[in-house]
Amino acid sequence: MRAARLINLVLLLQSRGTMTAAEIAAELEVSERTVYRDVVELSSAGVPVYASQGRTGGYQLVDGYRTRLTGLSRAEAEALFLAGLPGPARELGLGEPARTAQLKMLAALPPGLRDASSIAGQRFHLDAPGWFHDPRTPPVLGELAQAVWQDLELTMRYKRHDEVTRTVEPYGLVLKNGVWYLVGRVGESLRSYRVDRITEVTPTGRTFERDPGFDLPSFWAARAVEFVRQMLRDEITIRLSPDGLRLLRFAVEEVAVQAAVTDEPGPDGWVRTRLPVESLDVAYTYMLRLGPEVEVLSPPSLRSRMASAAEKTSALYR
């Protein structure tokens with residue numbers, strides 16, 4: 001840990017030039033006293049670092065000094081692909097390798113390009129979690145990440161309505177709207193599990209042979225569409241105004257919109273549509289979002305429920 005910190009300190013000075021003790025301490029997340037000790041140790045080891053005085057002073061390397069410690073390790077190279085996602089990288093236990101990889105890249109760049117990272121960071125930012133996502137990291141996420149990297153078979157306990165035990169070959173981890181999912185092979189089938197419902201993981205001590213044809217992004221995209229389609233067990237018939245037809249994609253799931261069957265518009269511009277839905281209760285909440293831009297034609301129970309809601313709404317505004 002200390003050796004890695006010393007290397008990072010040299011790379012910081014190499015890539016950024018002069019830095020104060022406070023700036024170095026903030027970057028390395030240590031105290032200024034630790035920075036002072038580290039600088040002394042680097043000097044004793046022959047690294048030409050020195051302090052300059054004055055308002056613009058600080059620590060710097062002798063002009064022309066270049067460290068050769070800029071080769072990326074395997075962990076750093078793997079973490080590099082997550083460098084744009086500091087939160088997920090940290091949750092997977094790759095925060096330090098990602099930061100070191102970025103420093104090594106900056107140190108390898110010519111002086112005129114070293115501001116590229118800060119310029120990009122000031123202009124682009126990815127906020128992966130949803131608005132109402134609980135930011136707590138699932139306790140077993142780090143262990144799962146290690147198993148995924150190393151192709152280690154696991155036994156895990158998983159909460160459903162009850163708690164079950166599964167032996168799984170962990171193929172990958174997916175972050176969807178701030179929620180982590182594990183994709184793994186159980187027996188002959190590939191399945192997905194919410195990581196925050198996994199209560200315990202235990203390595204079996206065995207590795208597994210990964211299917212070379214498996215593609216995580218393609219699998220997840222297909223599984224997500226399949227999951228939503230399986231939920232669409234009911235169907236309703238509605239009439240939509242031109243505005244209602246335009247707003248439908250904002251009110252219901254995209255997969256339901258794609259599966260809807262819409263007739264040609266009538267003389268008044270309204271269209272008759274058969275829409276798959278998860279349940280009539282869910283359909284009721286969807287139709288309320290469209291307000292007066294939709295008329296429910298069937299089933300009768302949903303039409304009656306919408307009429308009752310319309311009467312209550314009308315009474316509020318009389």
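What follows is a friendly exchange about a predicted model of a single chain.

Colleague: Happy to look at this one with you! How many helices and strands does the chain have?
Modeller: Glad to have you here; bear in mind that the model is predicted. Of the 318 residues in the chain, 35% are buried. As for elements, the chain has 13 helices and 11 strands.

Colleague: Among contacts between residues at least 6 apart in sequence, what share joins residues at least 24 apart?
Modeller: Contact here means heavy atoms within 4.5 Å. Counting pairs at least 6 apart in sequence, the share that joins residues at least 24 apart is 61%.

Colleague: And how much of the exposed area do carbon and sulfur atoms supply?
Modeller: The chain exposes about 19,400 Å². Of that area, the part from carbon and sulfur atoms is 53%.

Colleague: Which element gives the most residues to the largest nonpolar core?
Modeller: That core holds 24 residues, and I236, I238, L275 and M287 touch the most other members. Elements giving two or more residues include β8 (234-240), β10 (271-277) and α13 (300-317). The top contributor, with 6 residues, is α12.

Colleague: Which residue of α13 does I236 touch, leaving aside neighbours within four places in sequence?
Modeller: I236 has contacts with T273, R274, L275 and V277, among others. Its list also includes L280, A283 and M287, along with S298 and P299. Since α13 spans 300-317, the residue you want is L302.

Colleague: Are α12 and α13 roughly parallel or oblique to each other?
Modeller: Their axes come within 11 Å and cross at roughly 40°, in a right-handed crossing. The contact includes L280, Y284 and M287 of α12 and L302, R305 and M306 of α13. Angles under 35 degrees would count as roughly parallel; α12 and α13 are therefore oblique.

Colleague: How are α2 and α3 oriented to each other?
Modeller: Helix α2 (residues 21-28) and helix α3 (residues 32-44) have axes that come within 8 Å and cross at roughly 100°. That angle makes α2 and α3 roughly perpendicular.

Colleague: Which residues of α3 do A21, A22, I24 and A25 meet?
Modeller: Those four residues belong to α2. Across from them, the α3 residues are E32, V35 and Y36.

Colleague: Last one, and thanks for your patience! Is M231 buried or partly exposed?
Modeller: M231 lies in helix α9 (residues 216-231) and touches V277 and E278, not counting residues up to four places away in sequence. Buried means under 20% relative accessible area. M231 has 22% relative accessibility, so M231 counts as partly exposed.

Note on methods: Residues are numbered from 1 along each chain as its sequence is written. This is a predicted model: local features need pLDDT of at least 70, side-chain atom pairs count only at pLDDT 80 or more; totals for chains, interfaces and linings use all residues. Side-chain values use heavy atoms; hydrogens and water are left out. A nonpolar core is a set of buried Ala, Val, Leu, Ile, Met, Phe, Trp, Tyr and Cys residues joined through side-chain atoms within 4.5 Å. Buried means under 20% relative accessible area, exposed over 50%, partly exposed in between (1.4 Å probe, protein chains only). Accessible areas come from the Shrake-Rupley method with a 1.4 Å probe; for residues, only the protein chains shown count as cover. Axes are lines fitted to C-alpha atoms, for helices over the stretch in contact, and angles run from 0 to 180 degrees between N-to-C directions. Angles under 35 degrees count as roughly parallel, over 145 as roughly antiparallel, 65 to 115 as roughly perpendicular and the rest as oblique. A crossing is left-handed if the near helix is turned anticlockwise from the far one by less than a right angle, and right-handed if clockwise.
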